[in-house]
Amino acid sequence: MTTQVQTLGATRTNERLGAVLLAALFGLGLVFMAGFAPAQALHNAAHDFRHTQNFPCH
């Protein structure tokens, strides 16, 4: 019984660490891409996103 409890605790810790690392990698990727993208490309991406959400922008 004790072995199962320790295994579950270790599994949850590993899953949590994996989720944190994945979120950090995704966040850094977004910051890196937005930081080096031309302003016009960012404007066009935001404009297209507004259209996909049926948000009036014209």
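This passage describes the helices, the exposed surface and a few individual residues of a predicted model.

The overall picture is a simple one to hold in mind. The secondary structure of the protein amounts to two helices and zero strands. Across its 58 residues, 0% count as buried. The exposed area of the protein comes to about 5,300 Å², and 69% of that area is supplied by carbon and sulfur atoms.

Helix α1 covers residues 2-36, and Leu 30 has its place there. With a relative accessible area of 43%, Leu 30 is partly exposed, because that value lies between the 20% below which a residue counts as buried and the 50% above which it counts as exposed. Leu 30 also belongs to a nonpolar patch on the surface. Its partners in this patch are Phe 26, Phe 32, Met 33 and Phe 36, and together the five residues make up about 640 Å².

Turning to the second helix, α2 takes in residues 39-52, a run of 14 residues. From its first C-alpha to its last, α2 reaches 20 Å, which is close to the 20 Å expected at 1.5 Å a residue. Thr 52 is placed in this helix. The relative accessible area of Thr 52 is 56%, so this residue is exposed, the cut-off for that class being over 50%. The side chain of Thr 52 nevertheless has a partner within the chain: it reaches the backbone oxygen of Phe 49 at 2.7 Å. Following α2 comes Asn 54, and here the backbone has a positive phi, near 55°.

Definitions and conventions
Residues are numbered from 1 along each chain as its sequence is written. This is a predicted model: local features need pLDDT of at least 70, side-chain atom pairs count only at pLDDT 80 or more; totals for chains, interfaces and linings use all residues. Side-chain values use heavy atoms; hydrogens and water are left out. Patches are made of residues with over 30% relative accessible area and no salt bridge: like charges are joined within 9 Å, nonpolar side chains (Val, Leu, Ile, Met, Phe, Trp, Tyr) within 5 Å. Accessible areas come from the Shrake-Rupley method with a 1.4 Å probe; for residues, only the protein chains shown count as cover. A salt bridge is a side-chain nitrogen of Lys or Arg within 4 Å of a carboxyl oxygen of Asp or Glu. Helices (H or I, at least four residues) and strands (E, at least two) are DSSP runs, numbered from the N terminus. Buried means under 20% relative accessible area, exposed over 50%, partly exposed in between (1.4 Å probe, protein chains only). The expected span of a helix is 1.5 Å times one less than its number of residues. A polar contact is a pair of N or O atoms within 3.5 Å; within protein, one must be able to donate a hydrogen and the other to accept it, and residues adjacent in sequence count only if both atoms are side-chain atoms.
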